[in-house]
Amino acid sequence: MLAKLSSYALDGIVGYAVDVEVDINSGLPGYELVGLASTATKESKERVRSAIKNSGFLYPAKRIIVNLAPADTKKEGPFFDLAVAIGLLAATGQLENKLYKDFVFVGELSLDGKLRHVDGIMPLLICAMQEGKKKFVIPADNAREASYIDGIEVYALATLREVVEMLSGVQFEPVGLSGYQDARIQHGYDVDFADVKGQTVAKRALEIAVAGGHNALMIGPPGAGKTMLAKCVPTIMPDMTFEEAIEVTKVHSVAGILDNSIGIVTTRPFRTPHHTSTVPALVGGGMKAKPGEVSLANHGVLFLDEMPEYSRHALETLRQPLEDRKVTISRVMRTVEYPANFMLIASMNPCPCGNFGSKNQVCRCTPQQIHNYIGKLSGPLMDRIDLQIEVDNISYDEFRSPQQQETSAQIKQRVERVRALQRERFKGTSIMTNAEMGPREMNLYCKIDKDCERLLQKAFDKLSLSARGTTRILKVARTIADIEGCEDIKPAHIAEAIQYRGIDRKYY
Ligand SMILES: Nc1ncnc2c1ncn2[C@@H]1O[C@H](COP(=O)(O)OP(=O)(O)OP(=O)(O)O)[C@@H](O)[C@H]1O
Ligand SMILES: [Mg+2]
């Protein structure tokens, strides 16, 4: 007898339907899996057999053929175990009715018949829903993740037995809808901008960066507070909208780093990969084409502390996602695409001893050493950094000053206001921040008058700016104008934006 079931699989964060056909023939007992299954998928054979036996069902001593269609797509991952097991039970007449035809089955089986959590349920369900699927059976451990998707009926069950019971008419409660607001945890941070003394320019620049989604690099001597400032950035990042949270969760779900008890990411990512990170770890790839740090930082921050310590190759591979806001990973027979819409925040010393350019420290490096050190960051990479911030050591008076500094909460309020303005501005498009503007949006929102034009041209000549550099100055100026509450970009905004550019010239 032949049984046909629906399942689903993932390619990156894009789901696709897989039909699972199970046929039982007379003949020598055996099990054949056809349909371009990867090794991990092929191993389902043993799991399915043990799970069926250990759940108290009969495993047929016949010739079993399992077909995963479409045959031309490589099937990866353990998504199909459950569908194959149910298919086998149906094909051997162990299911009382054909209820199984209504459902999409996704789940890995353990040998004792338990349903095991699979990575990527959120993007999988969303894609399946968009393709018109309505009813699903998934592992119980994936329940929270599924509970944020409205418009589908999901049964999150613990064992193969429970699935069979449900298909035989026993009532199970479908997963109820969870509210995003309830899932959001109020974060306590152990740092605050109020603890950072002085550094007003750096704080201002970081506020601009976060408000408009711009990239920033802090450069300065050891102990000036660069790492401290960067660690404060999460405290002023705007809250995520539900749509953004879903986008972030999709990637984290596929990467297998989602907290199952919450099932959704509610705070903006702040990723801090170590400088020994490999290229696949940073941009994604490897055997399983998993998302890299740039994708895990989607809608959040990628923080590279001591930037020149990263391998040159790793830094250069960041250029593409920094420009395209997504990464494409090529695999055998296919490519996988992940979003990578992140803000880069980096810090570095200007030279090996760290003191070059400092007001109160002496640099011991030779010009060649300085050149080599700073040269690790290529011109094209520096060109993509909108705000280049000099962070020098603060004076003793500044350090010991009892003067109350502005708190992160106060700064965050401004950031939220400016982000709300941008959401309104770009309503109906996929753009969230000024940094993401394309040429069309720039024509609309970055109009400047003659005075601004003159300023910009002067900077263009003096700093030998590229076209990209110039556009980026305009975008930063737009954000500064937004912070100041100005509809039009004024010369002062352009001038401030220019100030944050061209630091590399000083050091190169
Ligand atoms: N502006 C500041 N206000 C208060 N404390 C500061 C300030 N700058 C530095 N500190 C203190 O110095 C410590 C070291 O600073 P931090 O690690 O941020 O320096 P850094 O610039 O990253 O240095 P390095 O280049 O060596 O990485 C901080 O943890 C903090 O205690
Ligand atoms: Mg540091």
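**Group meeting: a surface patch, a helix and some cysteines**

Okay, let's start on the surface: Leu36, Val332 and Met333 make a nonpolar patch of about 320 Å². Patch residues here have over 30% relative accessible area and no salt bridge, with nonpolar side chains (Val, Leu, Ile, Met, Phe, Trp, Tyr) joined within 5 Å and like charges within 9 Å. A salt bridge means a Lys or Arg side-chain nitrogen within 4 Å of an Asp or Glu carboxyl oxygen, and the areas are Shrake-Rupley with a 1.4 Å probe, counting only the protein chains shown as cover for residues.

Quick housekeeping: this is a predicted model, where local features need pLDDT of at least 70 and side-chain atom pairs count only at pLDDT 80 or more, while totals for chains, interfaces and linings use all residues. Residues are numbered from 1 along each chain as its sequence is written, chains are lettered from A and ligands numbered from 1 in the order written, and side-chain values use heavy atoms, leaving out hydrogens and water.

Back to Val332, which sits in the loop between β15 (326-331) and β16 (334-339). Val332 counts as exposed because its relative accessibility is 67%; the cut-offs are over 50% for exposed, under 20% for buried, and partly exposed in between.

Now helix α15, residues 367-374: its buried residues are Ile370, Tyr373 and Ile374. They cover an arc of only 85° around the axis, so they lie on the same side of α15. Helices are DSSP runs of H or I, at least four residues, and strands are E runs of at least two; the arc uses directions from the helix axis to the C-beta atoms.

How many disulfides are in the whole structure? Zero, with a disulfide being two cysteine sulfurs within 2.5 Å. Cys353's closest cysteine sulfur, in Cys351, is 3.7 Å away, too far for a bond. For Cys452 it's Cys486, at 11 Å, also too far. Cys452 is buried, at 0% relative accessibility.

How values were computed. Buried means under 20% relative accessible area, exposed over 50%, partly exposed in between (1.4 Å probe, protein chains only).
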